[in-house]
Every structure is written in C-alpha cells, then in structure tokens.
Amino acid sequence: MSAKAVKQQNSKQHFSEQFEDEEVLLVFRKHPIVMRKGLLLAAAALLVGPLYTLALTYIDSANPPSVEFFFVSFLLSLLLSAVLIFPWWVRWYFSVYIMTNQRFIQQTRSLLQVNVVDIGLEQIQMINYQIAGLEQTMLRFGTIVVQTYVGDLVIHEVHHPARIQQKMVHFLRQLGIHPTQRPGTDDETKVIES
C-alpha cells in the first residue's frame, strides 16, 4: 500500500464532528448490559402470543386454535418484542466514546435526544476505573472516571474498563500528556529562588 493510500485511509472521517487534522485513536461503547430492562420487556413480549394461544386452547379445548394462528400470534409477539427493544438498542448503539489525538468526546443519543461532551486532552488530569460487585466482575464491566480541571466525567457500565483505561492512558503518554503537567506550563520544572 502506498504512503498516499495510507494517509487517505487514516484521514477518513469516522464521525460528523471530526476535524480534518484529527486522528481517531479509540472508540468504545458501554457494555450491552445497559439494555437489560429492554431485553426483559422484549422477552415478556415474546411470551404474549404463545400464552394467548394456550389460553384460547384452555378456554375451548374442543375447538383449539390452528397451527397457523399459533405462528401468526408468535410473529406478532416477535414484532412487539422488536419494537420494545428498539429504543434501548438505539440508546446503546449510538452512545459512543471517542478519543482522538486532540480530544475526548462522549456522544449519547436516544430517539429524541443528543448529548455531546467534548474535552480537550490537555484538560485531562487522571483516568481511573472501578469494578464493584459480583455482577460487574462476572460480566466484565465497570465505571471509568475521567478527571479534568473542570470536573469529572463518569462513564458507567463500560465493557472491559481496565483495558479501556490502559489504552487511554497509553495514548495520552504517546501524545506527551501526563497528569503532572498543568495547562499553560512548560515541561521544564521552574525553580523559584529566594
């Protein structure tokens, strides 16, 4: 592959707010566990058709519903299930966290709402993670806290938080950004003489 082709591939735009000179380093989402309530609703909806068919069979055992009726009711249950899970899936799939060579961006979207948090990398002081409890340990998700000069950005239910935190810290170090630096200061230590 030629150098020009590699440059064009690296300069590909990954998201709509990306600057021309900005390179995407890391993209991650929350753990699919965030859809658990939607999955429970969808699972309950899947039972509606078969349970309705069973109830009709119990009420009138001499004239039970046909096999076609069972399959139609099951397909309608499947459609209801898909409609119920869809908003939860949209919220999970379209909520992404992007680290570029210039900034960290949190985009959370749902059917009727869009939120974007944009933090310059030089504002990041520390990146920590926490895995608490049996559920988080077993399913490998937890919380990442990005501490900045203006406040903390807390990201709950991140899949593999230790791995994500390690990658983020690695990229910050590669870019020459360290937690001990302060914005507006040189890398050299200033000595004050008395």
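**Helix H5, two sheets and a pocket**

Reader: Which strands does H5 lie across, and what angle does it make with S1?

Author: H5 lies across S1, S2 and S3. It runs at about 160 degrees to S1. The angle scale goes from 0 to 180 degrees between N-to-C directions. This is a predicted model.

Reader: What makes up the protein, and in what order do the elements run?

Author: There are 5 helices and 7 strands. From the N terminus on, the order is α-β-α-α-β-β-β-β-α-β-β-α.

Reader: What makes S1-S2-S3-S4 an open sheet, and which strands stand at the edges?

Author: The sheet has 4 strands in that order, with antiparallel pairing. Strand S1 (24-29) and S4 stand at the edges. Each has a single partner strand, so one side of each has no neighbour in the sheet. From one strand to the next, the twist averages 15 degrees.

Reader: How do you know that S2 and S3 pair?

Author: Pairing takes at least two bridges. Strand S2 (residues 96-100) and S3 have 4, in the antiparallel sense. Take isoleucine 98: its bridge partner in S3 is isoleucine 105. A hairpin of 2 residues joins S2 to S3.

Reader: How do you know that S3 and S4 pair?

Author: The cut-off is again at least two bridges. S3 and strand S4 (residues 114-120) have 7, and the sense is antiparallel. The bridge partner of glutamine 106 is valine 117 in S4. Phenylalanine 104 stands opposite isoleucine 119, also in S4. The hairpin from S3 to S4 has 4 residues.

Reader: Why is strand S3 called largely enclosed?

Author: Buried means under 20% relative accessible area. Of the 7 residues of S3 (residues 103-109), 6 are buried, so the rest of the structure largely encloses this strand. For the protein as a whole, 28% of the 194 residues count as buried.

Reader: What makes up the open sheet of 3 strands, and which strands stand at the edges?

Author: Its order is S5-S6-S7, and the pairing is antiparallel. The edges are strand S5 (124-130) and strand S7 (151-159). Each has a single partner strand, so one side of each is left without a neighbour in the sheet. Here the twist averages 15 degrees from one strand to the next.

Reader: How do you know that S6 and S7 pair?

Author: At least two bridges are needed. Strand S6 (residues 141-148) is joined to S7 by 7, and the two run antiparallel. One example is glycine 142, whose bridge partner in S7 is valine 158.

Reader: Which strands of this sheet does helix H5 touch?

Author: H5 (residues 161-174) packs on the sheet and touches S5, S6 and S7. Its direction makes about 165 degrees with that of S5.

Reader: What lines the largest pocket, and what is its volume?

Author: The volume is about 250 Å³. The lining has 17 residues. Lying nearest the centre are Lys30, Arg91, Trp92, Ser95 and Thr108. Helix H3 (67-93), S3 and S7 each give two or more residues to the lining.

Reader: How many of the contacts join residues at least 24 apart?

Author: A contact means heavy atoms within 4.5 Å. Among contacts between residues at least 6 apart in sequence, 53% join residues at least 24 apart.

Reader: What supplies the area that the protein exposes?

Author: The protein exposes about 13300 Å². Carbon and sulfur atoms supply 60% of this area.

How values were computed. Residues numbered from 1 in each chain as written. Predicted model: local features only at pLDDT ≥ 70, side-chain atom pairs only at ≥ 80, totals over all residues. Heavy atoms only, no water. Buried < 20%, exposed > 50% of the residue type's maximum accessible area, 1.4 Å probe, protein only. Areas by Shrake-Rupley, 256 points an atom, 1.4 Å probe, with all protein chains shown as cover. 1 Å grid on protein atoms, 1.4 Å probe; cavity = no way out; pocket = protein on both sides within 12 Å on 5 of 7 lines; lining within 4 Å. Points joined across faces, edges and corners; volume = space filled by probe spheres on them.
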